[in-house]
Amino acid sequence: MTSVPNITLNNGIEIPQLGFGVYQVTPQDTKDATLRACEIGYRHIDTAQMYGNEKGVGEAVRESGLDRADVFVTSKLNNGFHQPDDALKAFDTSLESLGFDYLDLFLIHWPLPGIDVDFVDTWGALEQIYASGQAKSIGVSNFQPAHLRRVVQEGTVPPAVNQIEVHPYLTQDDVRAANTENGVATEAWSPIAQGLVLDDPVITSIASTHGKTPAQVVLRWHLQRGDIVFPKSVTPERVKENFE
Ligand code: NAD
């Protein structure tokens, strides 16, 4: 089986660099899609409270027969729960939906700098969750460098990751550099731009030169840049193609 490299996060925890994303996978389809991904060899699943499909992810991990410790699962705090007390409760609800007693990684989904709750206070709730051991790592998503710097300077635990949109049409050099400067790993969401980059003539030409598909070329580009990716598909052939 193809082996997926691990990335070591700033707290020493290892995360498989390639995972399976379940954004826009319906709650009904999530269990089967995730189970299939586990069978193909994926050991890292990226979900979120917002996706409404944590239950299916949890069921699939249990039915896969894999040890819980062998599958890295991420979820994210939904936007309505930034008040620290709400964040703590929402985290418990995630564990309940997943049927897990811990998460591998829990993220603030969006910084929401315009609301009346400061994301640094929300981060304090994630630090509490981290201290309890119920999330093995904590991080952020969609944070601009200024947001990230505040969390690093004012918090006590630095984020392990910043999950941001990255693909060949949005290379995010500035945010990735700020992540690196702060010791924060970059996770690249929409790594193939939801399919938008796959007809690009440069990418299709590289693919035909190397006997690979355009999606494989783009995913390899991410891996070589050192980012963590979790392409989404419910089409079995594509899930396999992306893994390969
Ligand atoms: P993606 O770039 O993974 O593209 C998924 C789409 O591309 C599929 O629906 C399918 O239409 C197509 N596709 C997939 N594999 C293909 C292949 N081999 N050949 C041709 N077409 C293929 O987009 P995404 O789902 O938006 O992003 C991946 C994951 O990132 C999500 O599932 C989610 O876990 C995460 N994400 C996070 C955020 C965030 O705000 N943190 C936002 C969006 C996505």
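1. A good place to start is helix α4: its buried residues pack against β5 (72-77), α3 (84-98), β6 (103-108), β7 (135-141) and α5 (145-154). Please keep in mind as you read on that this is a predicted model.

2. Which residues of α4 are buried? They are Phe119, Val120, Thr122, Trp123, Ala125, Leu126, Glu127 and Ile129. As a general reminder, an α-helix has 3.6 residues a turn, so residues three or four places apart point the same way.

3. The geometry of α4 is easy to check: its 14 residues (119-132) reach 20 Å from the first C-alpha to the last, close to the 20 Å expected at 1.5 Å a residue. Gly133 follows the helix, with a positive phi near 85°.

4. Now to the core. The largest nonpolar core has 55 residues, and Phe20, Tyr42, Val73 and Phe106 touch the most other members. Its largest share, six residues, is supplied by α4. A second core of 11 residues is separate and includes Leu9, Phe72, Leu107 and Ile228.

5. Phe106 deserves a look of its own. Setting aside neighbours within four places in sequence, its contacts include Leu126 and Ile129, along with Phe91, Leu77 and Ile138. Polar residues are on the list too, among them Gln49, Ser75 and Lys76.

6. Finally, the ligand, which has 27 residues around it; Asp46, Gln163, Ser190, Gln194 and Asn242 come nearest. A polar side-chain atom of His109 is 3.3 Å from a ligand oxygen, and a backbone N or O atom of Ala193 lies 3.3 Å from an oxygen atom of the ligand. On the nitrogen side, an N or O atom in the Glu241 side chain sits 3.1 Å from a ligand nitrogen. The ligand alone exposes 830 Å², of which the protein buries 89%.

Definitions and conventions:
Residues are numbered from 1 along each chain as its sequence is written. This is a predicted model: local features need pLDDT of at least 70, side-chain atom pairs count only at pLDDT 80 or more; totals for chains, interfaces and linings use all residues. Side-chain values use heavy atoms; hydrogens and water are left out. Helices (H or I, at least four residues) and strands (E, at least two) are DSSP runs, numbered from the N terminus. The expected span of a helix is 1.5 Å times one less than its number of residues. Buried means under 20% relative accessible area, exposed over 50%, partly exposed in between (1.4 Å probe, protein chains only). Contact means heavy atoms within 4.5 Å. A nonpolar core is a set of buried Ala, Val, Leu, Ile, Met, Phe, Trp, Tyr and Cys residues joined through side-chain atoms within 4.5 Å. A residue is near a molecule or strand if one of its heavy atoms lies within 4 Å of it. A polar contact is a pair of N or O atoms within 3.5 Å; within protein, one must be able to donate a hydrogen and the other to accept it, and residues adjacent in sequence count only if both atoms are side-chain atoms. Accessible areas come from the Shrake-Rupley method with a 1.4 Å probe; for residues, only the protein chains shown count as cover.
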